[in-house]
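User: Please take a close look at a single part of this model, the place where its domains meet, and set it in the context of the salt bridges and of some individual residues. I should like the cut-offs behind each term to be stated.

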Amino acid sequence: MTSSQRTIGVGLISVGWMGKLHARAYSSVPYVYPELGIRPRLVMAADTEASRVEFATRVLGFETGTTDYREVLKNPEVDVVSICAPNFLHAEMGIAAAKAGKHFWIEKPAGRGLAETLAISAAAEAAGVQSTVGFNYRHAPAVEHIRTLVAEGQLGRITNVRASFLAGYAAEPKAALSWRFDRKLSGTGVLGDLFSHAADLCRYTVGEIRSITALTSTMHATRPKLAMGQGTHFDVIEGGELGPVENEDYATAMVRFSDDGPGAEAVGTIEASRIAVGPECGYRIEIYGTEGSVKWDFERMNELQVVIGRHNPQQGYTTVIASPAHGDYSRFQPGPGNTMGFDDLKTIEAKKFLVSVTGGNGGNSTIKDAVASAALVDAAEKSAVDGSWQHLPVESGSMALKSRG
Ligand SMILES: NC(=O)c1ccc[n+]([C@@H]2O[C@H](COP(=O)([O-])OP(=O)(O)OC[C@H]3O[C@@H](n4cnc5c(N)ncnc54)[C@H](O)[C@@H]3O)[C@@H](O)[C@H]2O)c1
């Protein structure tokens, strides 16, 4: 190891889908960003399911494992911690991590609602630790290009935005009743799960949202139970014992953007579903302006549909493929057409987090972005009860575009 290299001790809490992915992302950072000299050291992993702890040490490469996450926070060799547990544990773990002086990378939604997210944010601020939130779709090179086009004014004044995050993981009525459907364990349903991502993408590309009205619905009232720490929420279970679905399958909202920045006077819609038949991960954002528009769909992550110019003789969309000109694409592939994938977005997120931890400007999302997204989710939930418009105090998240004017 050269003197310019810095070893960062990593703790992982929960070894489910996201936990495994965080571990891989940390391990990829030295290969993808060698010039940073950051060497993550996988120190300790925790999960209440013993077989997953064993997986973390045997396969992922953690030096030690435990079934009690507090051991991770007590470990002096751990500098940063990934919190990848189900939502109901985020506040407890995020606050404990901050109090233990550990910088944390926490999965979205950070907490079961605004109050819990604010509590995590306050703890991080009091402890002076860095935070990053799992808003991974921000890092897609095509999304970074959208952000640039909007900021440069190439789309003109933004008129309207359509964000629709339509997933099919629960389209099958016998799809497993994982913790995601239990209000105590998850909080909201698709609002926290997918709407939170869509709200963040709107904020990241266009700007803050100041008012919202929403509708929600639940299509499937019961589903077959799945024990914690077993399988995934994509599992379909035949003949299992049924339990109640306690939160919404679908949500839709109308929004009005803030008064300043590129989205001043813009309006839009945000829609999210976990029961869509057709789109599996159809996470789309369309942004329309007075001079042009863009359309992106995560299912075709490396493509962007763009129109610029009202008097363009080539009417209609041009397909722009993600290339080394966009975001961190060149770190993964040398030329356009060699596509990137979901896991690569997490590697970018790990890099941004670790840069912030080493005192640099990582350009990372922070717990304040989670607060802004949670405020929108909370407002949507309230509005869905009585049809009211909810007006938000525009919190400035770290990547909000308020100052771009
Ligand atoms: N950013 C994204 O795109 C994205 C995608 C999927 C999930 N998520 C988020 O990541 C989080 C985890 O989701 P997942 O799909 O990985 O869940 P998962 O069900 O695959 O894994 C959850 C893990 O937590 C463990 N666990 C439960 N109680 C625990 C405790 N007390 N201590 C330690 N571990 C415990 C379980 O045993 C399980 O291994 C959620 O908040 C979810 O919303 C984010």
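Analyst: The account below begins with the domain interface, then turns to salt bridges and to single residues.

The model is a predicted one, in which local features need pLDDT of at least 70 and side-chain atom pairs count only at pLDDT 80 or more, while totals for chains, interfaces and linings use all residues. Residues are numbered from 1 along each chain as its sequence is written, and side-chain values use heavy atoms, with hydrogens and water left out.

Two domains are assigned: domain 1 covers 6-136, and domain 2 covers 138-341 + 366-404. These bounds come from an automatic or database domain assignment. Taken over C-alpha atoms, the centres of domain 1 and domain 2 are 24 Å apart. To the contact between them, domain 1 contributes 30 residues and domain 2 contributes 33 residues, where contact means heavy atoms within 4.5 Å. The area buried between domain 1 and domain 2 is about 2500 Å², with 59% of it on carbon and sulfur atoms; buried area here is the accessible area (1.4 Å probe) that two parts lose on being put together, summed over both.

Polar interactions also cross this interface. Between domain 1 and domain 2 there are 16 residue pairs in polar contact, both residues being at pLDDT 80 or more. A polar contact is a pair of N or O atoms within 3.5 Å; within protein, one must be able to donate a hydrogen and the other to accept it, and residues adjacent in sequence count only if both atoms are side-chain atoms. On the side of domain 1 that touches domain 2, the elements giving two or more residues are α1 (17-32), β5 (103-106), α5 (114-127) and β6 (131-133). Of these, α5 gives the most, with 7 residues. Helices (H or I, at least four residues) and strands (E, at least two) are DSSP runs, numbered from the N terminus. Sorted by class, that side of domain 1 has 16 nonpolar, 8 polar and 6 charged residues. In this scheme Ala, Val, Leu, Ile, Met, Phe, Trp, Tyr, Cys and Pro count as nonpolar, Asp, Glu, Lys and Arg as charged, and the others, Gly among them, as polar.

The rule finds 3 salt bridges across the interface of domain 1 and domain 2, a salt bridge being a side-chain nitrogen of Lys or Arg within 4 Å of a carboxyl oxygen of Asp or Glu. The side chains of R331 and E35 also form a salt bridge, at 2.9 Å from N to O.

By this rule the total count of salt bridges is 32. One of them joins D259 to R210, whose closest N and O atoms are 3.0 Å apart. D259 sits in the loop between β11 (250-257) and β12, and R210 in strand β8 (residues 209-217), so this pair ties together parts that are 49 residues apart in sequence. D259 is exposed at 58% relative accessibility, whereas R210 is partly exposed at 28%; buried means under 20% relative accessible area, exposed over 50%, and partly exposed in between (1.4 Å probe, protein chains only).

R310 and E291 form another salt bridge, at 3.3 Å from N to O. Because R310 lies in the loop between β15 (303-308) and β16 (318-321) and E291 in the loop between β13 (281-289) and β14 (292-297), the pair ties together parts 19 residues apart in sequence. E303 and R300 are also paired, at 3.2 Å from N to O. E303 is partly exposed, at 22% relative accessibility, and R300 is exposed, at 52%. Salt bridges that share partners join R138, D200, R203, E208 and D369 into one network.

Two further residues are buried. I270, in strand β12 (residues 267-273), has a relative accessible area of 0% and is therefore buried. Beyond residues up to four places away in sequence, I270 touches A163, F195, A198, A199, C202, I209, A251, T252, A253 and V255. Its C-alpha atom is 21 Å from that of E303, which is 33 residues away along the chain. K351, in helix α9 (residues 342-357), also counts as buried, at 14% relative accessibility. Leaving aside neighbours within four places in sequence, K351 is in contact with V29, Y33, L36 and D328.
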